[in-house]
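User: Hey, I've got a model open and want to get my bearings. Can you walk me through it?
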Amino acid sequence: MNSRKWVGLFLKTLLIGGVVGLITSFFVKATLYTEFLNPFNFMELTGLIIYFTGLGLLFSIISQTGFFVYLFINQFGLSLFRTFWPTVQVLLIAFVVFDLVYFPYNAADGDVSLFWFILMAAGILGYGWIIAKIKARETNQRAFIPALFLMVVMTAIEWVPGLRTSGTDYAWLMIISLLACNTYQLLVLHRITKEASKGKERIDPKTSSDKA
């Protein structure tokens with residue numbers, strides 16, 4: 001893949017992060033917007049929009065960093081564990097799902113019911129499962145477990161700063177932005193690489209003739 005496509009992927013993912021972060025803030029921080037809408041305060045409202053868009057952009061950068069780390073980990077895992085790598089990934093997914101329930105529940109000191117943490121972990125796992133199935137259908141079945149690994153394990157690691165904040169507002173802002181960015185990168189990567197390989201075949205007539 002050439003640098004132009006990488007830059008395009010970076011900018012589009014950045015845009016998704018900013019837009020999703022802003023839209024999510026309308027729901028998560030609705031009281032803040034209401035405060036500046038009645039009475040209407042243009043400067044404060046503009047500042048609020050810029051702030052939450054900036055947060056979305058920051059979450060997008062975190063997502064993209066995690067995505068490139070995931071690509072490295074996947075290749076490293078394949079070379080180290082070989083045929084056992086899918087099994088290792090499944091074990092890591094199970095471990096992270098457990099951690100998403102256990103550690104936040106302990107940190108809450110009983111203030112939040114265990115049911116909500118189980119529901120949160122199940123929601124992330126369920127969403128990741130759906131996206132992984134789409135990825136596998138569009139590529140091959142072997143892509144299912146690595147895709148699920150990205151959507152659950154890597155997203156959870158990227159989400160750690162959001163889980164450490166007081167309250168749940170910024171945790172929701174971050175996880176929704178991360179999931180949106182990771183979903184886009186995962187589902188668009190094979191399309192970009194396919195386009196790049198087709199372009200290479202057009203440039204290299206020898207390769208095209210060999211395949212013919």
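User: Let's start with Phe 52. Which residues does Phe 52 touch, not counting those up to four places away in sequence?
Analyst: Bear in mind that this is a predicted model. Phe 52 touches Gly 21, Leu 22, Ser 25, Lys 29, Leu 32, Tyr 33, Tyr 170 and Leu 173.

User: Ser 25 is on that list. Where is Ser 25 found, and is Ser 25 buried or exposed?
Analyst: Ser 25 is found in helix H1, residues 3–28. Ser 25 has a relative accessible area of 0%, so it counts as buried.

User: And what is Ser 25 in contact with, leaving aside its neighbours within four places?
Analyst: Ser 25 is in contact with Ala 30, Tyr 33, Phe 52 and Leu 173.

User: Which other residues of H1 are buried?
Analyst: Besides Ser 25, the buried residues of H1 are Lys 5, Leu 9, Thr 13, Leu 14, Gly 17, Gly 18, Val 20, Gly 21, Leu 22 and Thr 24.

User: What about Leu 11, buried or exposed?
Analyst: In between: Leu 11 counts as partly exposed because its relative accessibility is 49%. Leu 11 lies in helix H1 too. Its C-alpha atom is separated by 10 Å from that of Gln 64, which sits 53 residues apart from Leu 11 along the chain.

User: How far apart are the end C-alpha atoms of H1, and what span should its residues give?
Analyst: The end C-alpha atoms are 37 Å apart. At 1.5 Å a residue, the 26 residues of H1 should span 38 Å, so the two values agree.

User: Going back to Leu 22, how far is Leu 22 from Tyr 51 in space?
Analyst: C-alpha to C-alpha, Leu 22 and Tyr 51 are 8.6 Å apart, with their positions 29 residues apart in sequence. Tyr 51 is found in helix H3, and its relative accessible area of 42% makes it partly exposed.

User: Switching to the core. Which residues touch the most other members of the largest nonpolar core?
Analyst: Phe 52, Tyr 70, Ile 93, Leu 100, Trp 159 and Leu 186 do, in a core of 42 residues. The elements giving two or more residues to this core are H2 (30–37), H3 (42–81), H4 (85–107), H5 (114–138), H6 (144–163) and H7 (169–203). H6 has the largest share of the core, with eleven residues.

User: Now pockets. How much space lies in the largest pocket, and which residues lie nearest its centre?
Analyst: About 790 Å³ of space lies in the largest pocket. Its lining has 28 residues, and Pro 104, Phe 117, Met 120, Trp 159 and Leu 163 lie nearest the centre. Trp 159 also came up among the core residues that touch the most other members.

User: Which helix gives the most to that lining, and what's the mix by class?
Analyst: H4 gives the most to the lining of the largest pocket, with eight residues. By class, that lining has 21 nonpolar, five polar and two charged residues.

User: And the second largest pocket, how much space lies there?
Analyst: About 510 Å³. Of the 23 residues that line the second largest pocket, Tyr 70, Asn 74, Arg 142, Ala 143 and Pro 146 are the closest to its centre. H3 supplies the largest share of this lining, six residues, and H3, H4, H6 and H7 each supply at least two.

User: What's the class mix in the lining of the second largest pocket?
Analyst: That lining has twelve nonpolar, eight polar and three charged residues.

Technical notes
Residues are numbered from 1 along each chain as its sequence is written. This is a predicted model: local features need pLDDT of at least 70, side-chain atom pairs count only at pLDDT 80 or more; totals for chains, interfaces and linings use all residues. Side-chain values use heavy atoms; hydrogens and water are left out. A nonpolar core is a set of buried Ala, Val, Leu, Ile, Met, Phe, Trp, Tyr and Cys residues joined through side-chain atoms within 4.5 Å. Buried means under 20% relative accessible area, exposed over 50%, partly exposed in between (1.4 Å probe, protein chains only). Helices (H or I, at least four residues) and strands (E, at least two) are DSSP runs, numbered from the N terminus. Contact means heavy atoms within 4.5 Å. On a 1 Å grid over the protein atoms alone, a cavity is a set of points where a 1.4 Å probe fits but cannot get out, and a pocket is an open set with protein on both sides within 12 Å along at least five of seven lines; lining residues have an atom within 4 Å of a point. Grid points are joined across faces, edges and corners, and a volume is the space filled by probe spheres set on the points. Ala, Val, Leu, Ile, Met, Phe, Trp, Tyr, Cys and Pro count as nonpolar, Asp, Glu, Lys and Arg as charged, and the others, Gly among them, as polar. The expected span of a helix is 1.5 Å times one less than its number of residues.
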